[in-house]
Amino acid sequence: GRIVPNINMLGFGQSGVTAEDALKILNSITKPITGLNLRCNQIGDEGAHHLATAIASGKCLLNKLYLSQNQISDEGAHHVATAIVSGQCVLTHLCLDANDIGDDGARFIGTAVQSGKCLLRMLRLDKNNIGDVGVRHLATAIESGKCVLTELCLNDNQIGVEGARHIAAALGSGKCELAVLGLSRNHIGDEGSRHIASALESGQCSLIKLWLDEN
């Protein structure tokens, strides 16, 4: 069937949605909707590809997309990143928590975020496998002057001291617009925290909320 008009947000969280189901949902949408919630399903990289294709086509005008816990890997992140730079993407909120995205996936997303075509204001990548290499690409993006992100969540990843140093450099660059940053439950330690603290004291940092607990 067809999705009825005048619905701003569609929710299919914890509904056993597969890649094939995701395609059916997309084909059922006949009117622009603000958001699509597919949290806690099994769409995987194939489903991410279907979503990315729809977004890049200009026919799927989503502002908010929630894909937490969907077995999405670096391949799926690449599909999403490709959609972001398509020139047709109007996403402002993207949630990819609790997937299997690593350093390569972070690189793909980081490149997209600094492309000048990205409208994302909120990006959530909690509970993935992003380490220092991946976070370096994200840090480069947020200090590029082309990134409009105001919220970046990287809690529960594999970020260490070196990653914290990259983030601190971005925060103190004067080009970073982040107001909210989540780095809890990584491996930053005291040394990494000192790098972050120096950035906060630089006078160039726009953060108003920072999470660093359990490091």
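In this predicted model, the second largest cavity has a volume of about 30 Å³. Its lining is formed by Ile-29, Lys-31, Pro-32, Ile-33, Lys-59, Cys-60, Leu-61 and Leu-62, a set that divides into 6 nonpolar residues, 2 charged residues and no polar ones. In total, 2 cavities of 30 Å³ or more are present in the structure.

The largest cavity holds about 40 Å³ of space, and the residues that line this cavity are Ala-48, Leu-51, Ala-52, Ile-55, Leu-65, Val-80, Ala-83, Ile-84 and Leu-91. Two or more residues of this lining are given by each of the helices α2 (44–56) and α3 (74–84), with α2 giving the most, namely 4 residues. The lining of the largest cavity is made up of 9 nonpolar residues, with no polar and no charged residue among them, whereas the lining of the second largest cavity includes 2 charged residues.

Helix α2, as the element that gives the most to the lining of the largest cavity, was considered further. The end C-alpha atoms of α2 are 18 Å apart, and this agrees with the expected span, because 13 residues at 1.5 Å a residue should also cover 18 Å. Within the helix, Gly-44, Asp-45, Gly-47, Ala-48, His-50, Leu-51, Ala-52, Ala-54 and Ile-55 are buried; of these, Ala-48, Leu-51, Ala-52 and Ile-55 also appear in the lining of the largest cavity. The buried residues of α2 are covered by elements that include the helices α1 and α3 together with the strands β2 (35–37) and β3 (64–66). Just after the helix, Gly-58 adopts a positive phi of about 85 degrees.

Beyond the cavities, the largest nonpolar core comprises 62 residues, and those with the most contacts inside this core are Leu-36, Leu-94, Leu-125, Leu-154, Leu-171 and Leu-178. The elements that contribute two or more residues to the core are α1 (19–28), α2, α3, α4 (103–113), α5 (132–142), α6 (161–171) and α7 (189–200). Helices α2 and α3 thus appear both in this list and among the elements that line the largest cavity.

The surroundings of one core residue, Leu-154, were examined in detail. When neighbours within four places in sequence are left aside, Leu-154 is in contact with Leu-125, Asp-126, Ile-130, Val-135, Leu-138, Ile-159, Gly-182, Leu-183 and Asn-186. One of these partners, Leu-125, is itself listed with the residues that have the most contacts inside the core.

Conventions
Residues numbered from 1 in each chain as written. Predicted model: local features only at pLDDT ≥ 70, side-chain atom pairs only at ≥ 80, totals over all residues. Heavy atoms only, no water. 1 Å grid on protein atoms, 1.4 Å probe; cavity = no way out; pocket = protein on both sides within 12 Å on 5 of 7 lines; lining within 4 Å. Points joined across faces, edges and corners; volume = space filled by probe spheres on them. Nonpolar A, V, L, I, M, F, W, Y, C, P; charged D, E, K, R; others polar. Core = buried A, V, L, I, M, F, W, Y, C linked by side-chain atoms within 4.5 Å. Buried < 20%, exposed > 50% of the residue type's maximum accessible area, 1.4 Å probe, protein only. Contact = heavy atoms within 4.5 Å. Expected span 1.5 Å × (residues − 1).
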